[in-house]
Amino acid sequence: MSQLSAGKEVSSYCNKCKLTLAHTIVVMKNEKTPGKVTCNTCKSSHAYKDPASASASPKAPAKKRDKKRDSRPQIPLAELWQQSVTKAKGPGRAYSPKSTFLVGDLLEHPTFGTGVVDKIFDRTKMEVIFQDNIRTLMHNI
Ligand SMILES: [Zn+2]
């Protein structure tokens, strides 16, 4: 076995070339291990990297796999709102607690904007889907 020393060639993993290539030893770390090497291909100087250990321990990025928690698809509210507005019977009426609304009606609220009536309960209460939230409003008072 040939003794390694500065000026001799050694196989090292090159971070720039991403390959195990011939390198020239610049400095020895100890009698058996090169410290600093220069890549014969890209001429960059870097710490010696044992090609065996470089390939044996590839950095496996722990990617988070998106596991389906629920089989039911959760529709984002904005999407639900968009779907409801598209399906709603327009044109939207200005919201007033004195008006009477029906499920599927489009309404214009002065604060919350465009909403679609999703549910009617208690005769005077209704659930309205707005873009940012689902709110209970009074009507038919
Ligand atoms: Zn290189």
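A residue is called buried if 20 or more other C-beta atoms lie within 10 Å of its own, exposed if 12 or fewer do, and partly exposed in between. Glutamine 82 is therefore partly exposed, because 15 other C-beta atoms lie within 10 Å of its own. The legends below describe a predicted model.

**Figure 1. The protein chain as a whole, with its helices and strands.** The secondary structure of the protein chain comes to 2 helices and 9 strands, and reading along the sequence gives the pattern β-β-β-β-α-α-β-β-β-β-β. Of the 141 residues of the chain, 16% count as buried. Among the contacts between residues at least 6 apart in sequence, 25% join residues that are at least 24 apart.

**Figure 2. An open sheet of 4 strands.** The strands of this sheet stand in the order S1-S2-S3-S4, and their pairing is antiparallel. Strand S1 (9-14) and strand S4 (45-47) are the edge strands, each of which pairs on one side only. From one strand to the next, the twist averages 50°.

**Figure 3. The hairpin of S1 and S2.** S1 pairs with strand S2 (residues 19-28) in the antiparallel sense, over 6 bridges. Following individual residues across this pairing, one finds serine 12 opposite leucine 21 in S2, while tyrosine 13 has threonine 20 in S2 as its bridge partner. The hairpin has 4 residues between its strands, and here lysine 18 takes a positive phi near 60°.

**Figure 4. The hairpin of S2 and S3.** S2 is also joined to strand S3 (residues 34-39), with which S2 runs antiparallel, and 5 bridges link the two. One pair to look for is valine 27 and lysine 36, since lysine 36 in S3 is the bridge partner of valine 27. Between the two strands of this hairpin there are 5 residues.

**Figure 5. Proline 76, in the loop between two helices.** Proline 76 lies in the loop that connects helix H1 (51-56) with helix H2 (77-87). Proline 76 is exposed because 8 other C-beta atoms lie within 10 Å, and a count of 12 or fewer is classed as exposed. Although proline 76 and aspartate 132 are 56 residues apart in sequence, their C-alpha atoms are 10.0 Å apart in space.

**Figure 6. Glutamine 82, in helix H2.** Glutamine 82, the partly exposed residue with which these legends began, lies in helix H2. Glutamine 82 and glutamine 131 are 49 residues apart in sequence, and the distance between them in space, from C-alpha to C-alpha, is 7.6 Å.

**Figure 7. Aspartate 122 and arginine 123, in the loop between S7 and S8.** Most residues other than glycine have a negative phi. In this view, however, phi of aspartate 122 is positive, near 60°, and phi of arginine 123 is positive as well, near 65°. Aspartate 122 lies in the loop between strand S7 (113-121) and strand S8 (125-130), and arginine 123 lies in the loop between S7 and S8 too. Aspartate 122 is exposed because 9 other C-beta atoms lie within 10 Å, and arginine 123 counts as exposed because it has 10 C-beta neighbours inside 10 Å.

How values were computed: Residues are numbered from 1 along each chain as its sequence is written. This is a predicted model: local features need pLDDT of at least 70, side-chain atom pairs count only at pLDDT 80 or more; totals for chains, interfaces and linings use all residues. Two strands pair if DSSP finds at least two bridges between them. Axes are lines fitted to C-alpha atoms, for helices over the stretch in contact, and angles run from 0 to 180 degrees between N-to-C directions. Two residues are in contact if their C-beta atoms, placed from the backbone, lie within 7 Å.
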